[in-house]
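Please read the following note with the sequence and the model open beside it. The points may be taken in order.

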Amino acid sequence: MPSAAAGNVCPSRSGVRCVLSACRPEVLVLDVLGLSAGAARVRAGRRDGANVACRGTSARSGTLPARTGETPRTRLHPGAWWLWSLSLGTAATRTTNPLLLSLLLATSAYVVVTCRPRTPAPWARSYPAFLELALAVIAIRLLFTVALGSPVPGSHTLLTLPEVPLPTWAQGIRLGGRVTAEALLFSFYDALRLATLLVCVGAANALASPSRLLTSLPGALYETGVAVVVALTFAPNLIADVHRLRAARRLRGRPDRGVRGLLQVGLPVLEGALERSVALAAAMDARGYGRTAEVPAPVRRTTAVLTLGGLLGVCAGTYGLLTAAGAAYGLPLLLAGLAAALAGLRLGGRRSPRTRYRPDRWTPRALLVAASGMATAALLTLAATADPAALHPGVVPLTAPTLPLWPAAAVLLGLLPAFLSKEQPS
Amino acid sequence: MIRFEQVSVTYDGLPHPSLRDVDLTIPEGELVLLAGPSGAGKSTLLGAVSGLVPHFTGGTLRGRVTVDGRDTRTHKPRELADVVGTVGQDPLSHFVTDTVEDELAYGMESLGLPPAVMRRRVEETLDLLGLAALRDRPLTALSGGQQQRVAIGSVLTPHPRVLVLDEPTSALDPAAAEEVLAVLLRLVHDLGTTVLLAEHRLERVLQYADRVALLPAPGAAPRLGTPAEVMAVSPVYPPVVDLGRLAGWSPLPLTVRDARRRAAGLRARLDGAEPRTPEAPHPVQAHPVQAHPVQAHPVQAHSPQAHSVRTPPARLPTRRLFRRTAPAPVTTPAPPAEARALSVRRDRIQALRRVDLTVAPGETVALMGRNGAGKSTLLSAFTGLVEPSAGTVRVGGATPHRTPPRDLVRRVGLVPQEPRDLLYADTVADECAAADRDAGAASGTCRDLVGELLPGITDGTHPRDLSEGQRLTLALAVVLTARPPLLLLDEPTRGLDYAAKARLVGVVRGLAADGHAIVLATHDVELAAELAHRVVLLAEGEVIADGPTAEVVVSSPSFAPQVSKILAPRPWLTVAQVREALA
């Protein structure tokens with residue numbers, strides 16, 4: 001039994017990602033084949049130096065670097081990373097304290113740097129792109145404050161721009177005028193909050209592939225998930241096509257830069273994308289996508305009733321929660337509706353005969369990662385109601401923000417993943 | 001296993017059926033090669049087996065196709081997925097997931113196989129196709145050959161009883177192709193899988209086929225028989241069969257081994273004759289005087305010393321020394337292509353390492369080497385698509401990546417792997433007019449070239465409606481409009497049948513005779529043998545051999561053409577040479 005053999009070599013439960021683990025698949029393959037000599041060589045290599053063992057088995061492609069990435073069994077459930085990241089993002093929306101936000105940024109950056117999988121996949125390299133986006137958000141927000149003014153009153157005038165007189169119908173809009181330190185600071189705090197949220201989403205992208213997250217959907221939603229995944233890969237392919245066709249323009253002696261070049265390849269790119277989609281659809285069809293199993297009629301009917309009833313319950317429950325009168329029945333109805341809908345989804349999964357290959361599991365490590373993020377979010381939400389002044393430092397009058405101690409400690413909880421799945425030095 | 005009964009397929013909007021009255025029975029456990037010229041309906045026939053024709057492509061199918069007893073009229077492709085595995089021409093459009101391991105598992109997941117079985121089969125398939133080291137890699141980061149292997153692996157894992165493959169080796173280097181074919185053979189022998197495979201490069205596949213199904217012409221009835229029977233009448237045949245027909249051997253040899261056994265007589269007849277190699281560019285004195293720089297007919301060339309760059313290792317130091325001490329004469333015209341110690345890094349991968357290559361006017365150089373060896377990168381460097389990280393690259397004296405495209409087209413032309421990338425217009429006439437404008441040539445230049453290279457094409461034809469070979473030729477004409485002294489062809493014979501290939505060989509020979517320097521990156525050893533004066537072998541971004549074609553390929557097991565394998569140790573490379581010597 002291959003998995004058992006692998007388990008003996010390096011128990012996945014230890015929660016330690018080691019450089020050695022990268023070699024494990026080859027060991028496993030050799031074990032399966034009964035090439036004990038080869039396996040012994042690899043094992044010996046592991047003791048001497050991990051890299052030797054890794055390189056020793058790469059077959060045709062000698063240029064392969066020794067992989068130091070993650071194998072599926074050291075990989076956390078993608079949902080854990082997304083929960084963790086989005087929780088940090090939620091925490092960021094609870095405060096405008098720049099010190100707390102910076103701490104959140106530092107936390108997410110540290111975890112990304114220590115835990116990011118070392119794969120050449122484009123999604124793993126998306127963190128810098130999100131950082132740039134965040135900087136752009138801050139810059140644009142400040143620029144708008146300078147140019148359009150701000151309703152925040154202030155007495156510390158930094159500079160006065162010439163004000164453009166606007167007609168009466170544009171009342172309430174100002175162009176130019178006084179720029180105060182208070183207004184700038186307020187905008188900066190506000191923009192930093194949004195930037196932190198963006199960076200947290202970037203962290204999620206860098207830590208776990210969004211398409212892996214989608215494939216963990218329940219069976220009934222699986223086909224929708226695949227459709228979304230295919231759509232997600234469509235965009236990078238489109239960009240690659242644009243690059244290739246712009247390069248081809250150069251071969252025709254036309255400038256390969258500039259907006260015109262981009263526009264002229266538009267149609268061929270779309271044509272190519274369409275053709276590829278059709279080819280992919282054919283391939284998926286031929287590989288069994290969309291096969292359905294025979295489901296007895298009662299089960300089918302129960303599924304429909306549960307799903308529809310559940311969704312109705314969710315709607316009614318939400319309505320109840322939001323209206324003053326229905327607070328009593330709102331929550332139970334909402335929960336019952338949710339339960340029914342989930343049961344419907346689960347039952348609906350029977351229609352699809354598919355099975356999962358090495359599904360990501362909610363290991364204790366994954367649960368801890370998710371919990372650490374959620375704890376941060378919960379504690380900051382609590383702090384925001386308990387001590388709003390500390391989490392939203394005022395700008396009028398100008399004061400230096402202070403770091404509230406226990407919310408800061410709550411943010412530091414988010415660092416837990418870095419220590420849970422940190423690589424050990426070899 | 002597969003049975004066609006009176007099957008005709010007509011696509012909507014086409015006046016003639018693509019397949020007509022096909023009766024064909026393919027027994028279980030056979031490896032059947034589907035051969036025939038382009039447009040004879042091979043892809044349609046393959047599609048009919050997997051049910052994609054007509055369920056997916058549309059059109060009308062008359063008659064009945066059954067696979068393992070299942071009628072494709074009542075079974076959709078997805079309901080045949082456990083019986084038929086299909087691999088198309090383009091592996092990238094086949095992938096659903098994003099890593100190798102997930103891709104291998106995808107088909108089994110759809111069929112609902114138990115996790116333990118999936119796990120075992122993925123590991124087996126990773127080994128079978130030599131993909132174990134790539135298991136966690138994103139599919140887009142793989143080379144073309146690796147992608148094709150993953151695509152084949154991904155349909156192998158559900159253990160289908162029938163495998164249908166449309167040109168599985170056309171994108172692969174010879175060694176990788178052998179590997180894939182060995183895998184198919186193993187499936188046929190060990191698992192009893194029925195394999196139906198269409199391929200233009202018969203020389204790669206014929207020896208493994210149990211039977212050959214020949215579609216001789218569009219709409220003609222197929223002929224199923226043993227390879228020897230079919231090859232005796234086939235309009236498409238590999239060099240070994242051509243040689244057999246020439247020498248009058250009967251039964252026809254199908255493998256190099258068969259042919260070698262019979263070749264003693266032929267070798268004796270050829271004794272004393274010398275193979276006429278393709279006319280090499282005229283070597284002139286060591287310090288040639290610059291003539292007028294007519295780009296279309298440059299006859300001056302470097303002395304062989306100056307451009308023979310890397311010779312066998314033992315002699316390397318002296319050559320290097322020589323090159324360093326001999327200053328380039330000022331009057332020498334700049335060679336059409338010159339790379340010195342060229343290194344290129346691409347996506348943190350060293351794609352080229354200190355490559356030296358000079359191409360003289362009138363010379364044809366074949367770049368060979370396995371997938372990912374750096375052939376395409378070298379061509380890209382010559383066209384300025386990639387910047388060197390070290391060393392220099394020059395085309396006709398200019399640095400390509402700093403030359404504006406408008407000037408560059410007069411120095412170098414590249415026909416990319418996918419010729420369609422070069423074509424934007426809706427009609428051939430528009431395309432030609434645009435090409436004239438781009439190149440600043442007299443109007444009508446490109447149309448004349450098209451008329452010359454591709455007679456019988458009307459102005460109003462849409463480039464998409466052309467066959468693969470015609471499209472390639474149109475792209476070639478577009479590129480040639482600017483009369484570049486250096487012409488680069490990237491994998492030009494992919495998807496071409498023998499007739500289209502023969503036309504291409506004629507065209508390229510003519511261009512070389514006109515003084516164009518030509519570099520072709522190719523896996524097609526037969527093409528290199530026909531065309532190239534010189535072969536440059538690349539491996540891991542380095543030049544590992546550079547010399548006259550006969551010297552380089554005869555000694556190489558994977559890059560030797562069939563004729564050279566049969567008549568070794570004499571340096572005969574092509575059937576044409578033998579034919580000429582015997583005449």
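**Helices, a sheet and a surface patch**

1. In this predicted model, helix α19 of chain B, residues 498–513, lies across three strands of chain B, namely β13 (364–368), β16 and β17. The helix runs at about 145 degrees to β17(B).

2. Strands β16 and β17 of chain B deserve a closer look. β16 spans residues 486–490 and β17 spans residues 517–521, and the two pair in the parallel sense over 5 bridges. Within β17(B), A521 of chain B (B:A521) is the residue that stands opposite B:D490.

3. A further helix of chain B, α18 (residues 468–480), packs on the sheet and touches β15 and β16 of chain B. The direction of α18 makes about 165 degrees with that of β15(B).

4. The sheet as a whole may now be described. It is an open sheet of 6 strands in chain B with mixed pairing, and its order is β15-β16-β17-β13-β18-β19. Its edge strands, β15 (412–415) and β19 (542–548) of chain B, each pair on one side only. From one strand to the next, the twist averages 15 degrees.

5. Chain A carries a nonpolar patch on the surface, formed by A:I140, A:L143, A:F144, A:L148, A:V164, A:L166, A:I173 and A:L175. Together these residues have about 720 Å² of accessible area. Helix α7 of chain A (residues 127–148) supplies the largest share of the patch, 4 residues.

6. One patch member, A:V164, is found in strand β1 (residues 157–164) of chain A. Is A:V164 buried or exposed? Its relative accessible area is 41%, so A:V164 is classed as partly exposed, a term for values between 20% and 50%.

Notes: Residues numbered from 1 in each chain as written. Chains lettered and ligands numbered in written order. Predicted model: local features only at pLDDT ≥ 70, side-chain atom pairs only at ≥ 80, totals over all residues. Heavy atoms only, no water. Patch = residues over 30% accessible without salt bridge, like charges linked within 9 Å, V, L, I, M, F, W, Y side chains within 5 Å. Areas by Shrake-Rupley, 256 points an atom, 1.4 Å probe, with all protein chains shown as cover. Salt bridge = Lys/Arg side-chain N within 4 Å of Asp/Glu carboxyl O. Buried < 20%, exposed > 50% of the residue type's maximum accessible area, 1.4 Å probe, protein only. Pairing = 2+ DSSP bridges. Axes fitted to C-alpha atoms, helices over the stretch in contact; angles between N-to-C directions. Contact = heavy atoms within 4.5 Å.
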